[in-house]
Amino acid sequence: TKPSLTRKILGNFPSLTTHCLFFSHFSHFHLASHTHTHTHLFTMFHLISRRAQHSASLRRHLTHFPLATQRLYSSHFSHIEPQGLDAIKQLTIEYQKDSFANKVLLGEGVYKTNEGKPHVLKSVRMAEDKLYNMHLDHEYAPVSGVPEFCEAARKFALGEQSEALDRTATVQAVSGTGALRLAAAFLRRFLPQKKDIYVPAPTWMNHHKIFGDEGFNVKGYSYYDKTTKGMDVQGCLNDIRNAPQESIILFHACAHNPTGVDPSMDTWKELSKICKEKNHVVFFDSAYQGFASGDPQRDAASFRYFIQDGHTPLVCQSFSKNFGLYGERAGALQIVCDSPKEATAVHSQLMVLIRAMYSNPPLYGARIVQCVFNDAAMSEQWHKDVIEMADRIKSMREGLVNRLEKLGSPHNWTHITDQIGMFAFSGLTDDQVEQLKKDYHIYMTKDGRLSISGLNTHNLDYVAQAIDKVTRK
């Protein structure tokens with residue numbers, strides 16, 4: 001747009017001007033190679049910017065060009081260093097690159113069939129068929145989510161006869177992770193004086209990132225006893241009791257990740273008593289209701305007892321594991337309140353957060369869940385589905401332990417059958433886990449956590465033999 005100025009600038013670059021024709025519009029700018037226009041421009045201004053570092057006159061001329069062209073030679077993000085994903089995701093990437101025929105992935109918590117394939121529940125297929133024939137639209141869901149889903153999720157969590165149903169604020173969330181992040185944002189905004197959140201040690205690794213990113217100091221309380229490979233009951237009770245008054249305490253509702261070790265009902269009652277005495281803010285992560293034991297009532301017993309005992313907990317739900325809807329991101333956040341009026345206020349504030357965070361939740365997974373729960377035949381099939389999954393997990397635990405015992409392992413492996421849910425905390429050391437990966441192509445996280453659903457009747461012998469060998473050294 002300024003030919004005379006351009007010629008003056010390009011005069012500083014005799015080698016460049018001999019290879020180009022320049023007209024009044026950038027679209028007519030060509031190099032002899034006839035490559036794309038933006039490449040020519042980038043090349044020209046890169047060279048100009050290099051010369052401009054040493055020429056005050058040229059820097060003055062460049063001020064006549066648009067800011068966008070000046071930024072071709074600078075970046076606001078050049079200081080950013082590469083960052084890998086968390087250990088679980090990195091493990092999957094490493095496994096996928098492995099060409100060994102008999103490799104085994106025991107990392108991610110995704111249910112697989114005995115053939116090692118993804119599993120779609122029969123009840124989910126029934127719901128998909130029904131939804132397809134309904135010819136539904138794809139309009140935005142309400143900010144708080146699909147209403148029928150929210151109601152079904154609330155009843156599923158609290159129980160259909162719970163007296164707390166009408167005083168609970170419910171919103172659909174982007175699965176369990178999204179529910180946790182939304183809950184963290186809510187607590188940060190409305191309880192800003194609370195800087196800390198207490199989580200079990202160990203806990204799901206993403207808890208640290210979710211709450212850390214919201215500005216919380218994530219602190220651990222005693223939970224797992226490495227010696228007994230069970231719960232450190234007394235240490236847990238003491239740490240919850242010694243936490244500052246009105247602390248935020250996060251519990252795993254069932255099937256603790258990564259250990260598979262859950263408190264007994266008596267321990268839950270003692271924890272409830274302590275939390276009430278200290279007026280703690282109680283927070284439950286419920287990712288496995290129905291999947292853990294095959295009985296959704298049993299798997300919800302922890303937070304239902306807390307509600308009956310007078311608490312007003314937050315409950316984050318995921319429908320990834322118990323419905324197999326991993327990629328549909330179906331979840332919910334329940335916040336139990338003192339009254340319906342309080343619940344209405346809380347619900348309104350959650351919608352304000354959602355609107356600014358992701359505006360609306362996805363439709364498809366929520367439609368499937370509510371369709372199953374609100375249809376008697378589908379609901380009956382779903383109960384059969386979760387029992388089938390829970391039973392396969394249990395049989396794989398028993399199969400692994402039985403094979404290790406038959407191999408004459410000098411170690412006691414009964415903790416694997418004592419645990420529950422998707423994962424087993426094996427007790428393997430870092431070095432043993434590394435040897436399993438290096439020598440046998442068996443992938444699990446360094447803390448010895450293995451995803452039981454990665455086991456099947458085709459690889460149980462191989463995995464048991466490998467574990468036996470690395471634990472004898």
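Buried, on this tour, means under 20% relative accessible area. Keep that cut-off handy, because S359 comes in at 15% and so still counts as buried. One more thing before we set off: the model on your screen is predicted.

**Stop 1: an unusual serine**

Select S359 first. You'll find it in the loop between α15 (340-357) and α16 (364-373). Its phi is near 75°, a positive value in a residue other than glycine. Most residues other than glycine have a negative phi, and most peptide bonds are trans.

Now jump to S175, in helix α9 (residues 175-190). Here too phi is positive, about 60°, and again the residue is not a glycine. S175 has a relative accessible area of 1%, so it is buried.

**Stop 2: the open sheet**

Next, show the strands as a cartoon. Which strands make up the open sheet, and in what order? Seven of them, running β4-β12-β11-β10-β9-β5-β6, with mixed pairing. At the edges stand β4 (168-174) and β6 (217-222); each has a single partner strand, so one side of each is left without a neighbour in the sheet. Ignoring direction, neighbouring strands here are turned by 25° against each other on average.

**Stop 3: strand β10**

Select residues 281-286, which is β10. Is this strand mostly covered or mostly open? Mostly covered: six of its six residues are buried. Show the side chains and look at where they go. In a regular strand the side chains alternate between the two faces of the sheet. On β10, V281, F283 and D285 point one way, while V282, F284 and S286 point the other.

Now add the strands beside β10. With β9 (residues 248-252) the pairing is parallel, over five bridges, and I248 is the residue opposite V281. With β11 (residues 314-318) the run is parallel as well, joined by four bridges; look for L314 opposite F283. While you're on β11's stretch, click C316: its relative accessibility is 0%, so it counts as buried.

**Stop 4: two crossovers**

Turn on helix α12 (residues 265-278). Together with β9 and β10, α12 makes a right-handed β-α-β unit.

For another crossover, go to β5 (residues 196-201), which pairs with β9 in the parallel sense over two bridges. Y198 has I249 in β9 as its bridge partner. β5 also pairs with β6, in the parallel sense and over six bridges, and V199 stands opposite G220 there. Follow the chain from β5 through α10 to β6: this β-α-β crossover is right-handed.

**Stop 5: aromatic rings**

Colour the aromatic residues. How many aromatic pairs does a search of the whole structure find? It turns up 24. Zoom in on F211 and F283, an edge-to-face pair with 5.6 Å centre to centre and 85° between the planes. F211 belongs to helix α10 (residues 205-213) and F283 to strand β10, so the pair ties together parts that are 72 residues apart in sequence. F211 has 0% relative accessibility, so it counts as buried, and F283 is likewise buried, at 0%.

Then select F149, F156, F319, F323, F373 and W382, which ring pairs link into a cluster. Two charged residues are worth a click as well: K103 lies over the face of Y95, at 4.4 Å from the ring centre, and R188 lies over the face of F216, at 5.1 Å from the ring centre.

**Stop 6: cis peptide bonds**

Where do the cis bonds on this tour sit? One joins A201 and P202, with omega about 5°; P202 is in the loop between β5 and α10. Another joins N257 and P258, with omega about 25°, and P258 is in the loop between β9 and α12.

**Stop 7: S272 and G310**

Go back to helix α12 and pick S272. Its relative accessibility is 0%, so S272 counts as buried. Then pick G310: S272 and G310 are 38 residues apart in sequence and 9.1 Å apart in space, C-alpha to C-alpha. G310 comes just after α14 and takes a positive phi of about 105°. Select α14 itself (residues 301-308), where the buried residues are S302, F303, R304, F306 and I307.

**Last stop: the cysteines**

A disulfide is a covalent bond between the sulfur atoms of two cysteines. A search of the whole structure finds zero disulfides. Finish by clicking C337, which has a relative accessible area of 1% and is therefore buried.

Terms used: Residues are numbered from 1 along each chain as its sequence is written. This is a predicted model: local features need pLDDT of at least 70, side-chain atom pairs count only at pLDDT 80 or more; totals for chains, interfaces and linings use all residues. Side-chain values use heavy atoms; hydrogens and water are left out. Buried means under 20% relative accessible area, exposed over 50%, partly exposed in between (1.4 Å probe, protein chains only). Two strands pair if DSSP finds at least two bridges between them. A crossover is right-handed if, with the strands pointing away from the viewer, the path from the first strand over the helix to the second runs clockwise. A disulfide is a pair of cysteine sulfur atoms within 2.5 Å. Rings of Phe, Tyr and Trp (its six-membered ring) pair if their centres lie within 6.5 Å; planes under 30 degrees apart count as stacked, over 60 as edge-to-face and the rest as tilted. A charge sits over a ring if NZ of Lys or CZ of Arg is within 6 Å of the ring centre and within 35 degrees of the ring normal. Axes are lines fitted to C-alpha atoms, for helices over the stretch in contact, and angles run from 0 to 180 degrees between N-to-C directions.
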